[in-house]
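I opened a new structure today and kept notes as I went. The entries below follow the order in which I looked things up.

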Amino acid sequence: MIKVLIVDGESRARDIIKTFVQWEKLGMELVGEAGDGQDALRQTEELHPHVVITDIQMAGTCGAGLLQTLHERYPQIRTIVVSASTDYHYAAEALRYRVLDYLLKPVDRIELNTVLLNCKRIIRSKNRIGIENIT
């Protein structure tokens, strides 16, 4: 299973993502959720997610800081941003740290699942050449 961590400062936003994702159909499992970047990093160390879905504007370690740390420490983790911000600065930060996609809130169920399906294909492709260990 592909392990997913959801990071957003608002529990309602995390709940929406949890509800919208077709977990079983995608072969993914929610392994954790965090309300800020620091908790997300702690959980990343413990849970070893393959995918992190994060907001880019949060208290504590901001989403951009989280993306930077994940990119530097865990380059194998795929990241997806779900944010209400249309600020170019945040989008540029996301691109710098090679996020797979930047989705705007309110997130669209179909769009989210399509991005996750693409993410799954990328992970499976990397797995075939021996980069990641995914069952």
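Entry 1, helix α3. I began with what lies under this helix: the buried residues of α3 pack against β1, β2 and α4 (63-73). I note at once that the model is a predicted one. Helix α3 covers residues 37-47, and its buried residues are G37, A40, L41, Q43 and T44. Looking down the axis of α3, I found these buried residues within an arc of 165°, so they line one face of the helix. On the face turned away from the buried side I found the exposed residues Q38 and E46.

I then checked both ends of α3. At its start, a side-chain oxygen of D36 comes to within 3.0 Å of the backbone nitrogen of Q38. After the helix comes H48, with a positive phi near 50°.

Entry 2, helix α4. Which residues of α4 are buried? I listed G63, A64, G65, L66, L67, T69 and L70. The buried residues of α4 pack against β1, α3, β3, β4 and α5 (88-96). I had already met the contact between α3 and α4 from the other side, since α4 is among the elements that the buried residues of α3 pack against.

Entry 3, the sheet. Both helices led me to strands, and I looked up their order. The strands form an open sheet of 5, in the order β2-β1-β3-β4-β5, with parallel pairing. Strands β2 and β5 (101-104) stand at the edges with a single partner strand each, so one side of each has no neighbour in the sheet. On average, neighbouring strands of this sheet are turned by 20° against each other, direction ignored. I add a reminder for myself: strands of a sheet pair through backbone hydrogen bonds, either parallel or antiparallel.

Entry 4, strand β1. Is strand β1 buried or exposed? Of its 6 residues (residues 2-7), 5 are buried, so the strand is largely enclosed by the rest of the structure. I followed its pairing to either side. With β2 (residues 28-34), β1 pairs in the parallel sense over 6 bridges. Along this pairing, I2 has M28 as its bridge partner, and I6 stands opposite E33. With β3 (residues 51-54), β1 runs parallel and is joined by 4 bridges. Here V4 stands opposite V51, and V7 stands opposite T54.

Entry 5, strand β3. I looked at both faces of this strand. V51 and I53 on one side are buried, as are V52 and T54 on the other, and both faces of β3 are covered. Strands β3 and β4 pair in the parallel sense over 4 bridges. The bridge partner of V52 in β4 is T79.

Entry 6, the cores. In soluble globular proteins, nonpolar side chains tend to be buried together. The largest nonpolar core here has 20 residues, and V51, I53, I80, L112 and L116 are those with the most contacts inside it. At least two residues of this core come from each of β1, α1, α2 (23-26), β3, β4 (78-83) and α6 (109-128). Helix α6 gives the most, with 5 residues. I picked out L112: leaving aside its neighbours within four places in sequence, it is in contact with I17, F20, V21, L103 and V107. There is also a second, separate core of 11 residues, which includes A34, V52, L70 and I77. I had noted V51 and V52 on opposite sides of β3; V51 is listed for the largest core, and V52 for the second.

Entry 7, two residues of helix α1. R14 is in α1. Is R14 buried or exposed? R14 is buried, with a relative accessible area of 13%, which is under the 20% limit for that word. The side chain of R14 makes a polar contact of 2.8 Å with the side chain of E33. Leaving aside neighbours within four places in sequence, R14 is in contact with I6, D8, G9, E33, A34 and G35. I recognised I6 and E33 from Entry 4, where they stand opposite each other.

T19 also lies in α1 (residues 11-20). With a relative accessible area of 54%, T19 is exposed. I checked one distance from it: T19 and E93 are 74 residues apart in sequence, and 28 Å apart in space from C-alpha to C-alpha.

Conventions. Residues numbered from 1 in each chain as written. Predicted model: local features only at pLDDT ≥ 70, side-chain atom pairs only at ≥ 80, totals over all residues. Heavy atoms only, no water. Buried < 20%, exposed > 50% of the residue type's maximum accessible area, 1.4 Å probe, protein only. Pairing = 2+ DSSP bridges. Arc of directions from axis to C-beta. Contact = heavy atoms within 4.5 Å. Polar contact = N/O pair within 3.5 Å; in protein donor to acceptor, adjacent residues only side chain to side chain. Axes fitted to C-alpha atoms, helices over the stretch in contact; angles between N-to-C directions. Core = buried A, V, L, I, M, F, W, Y, C linked by side-chain atoms within 4.5 Å.
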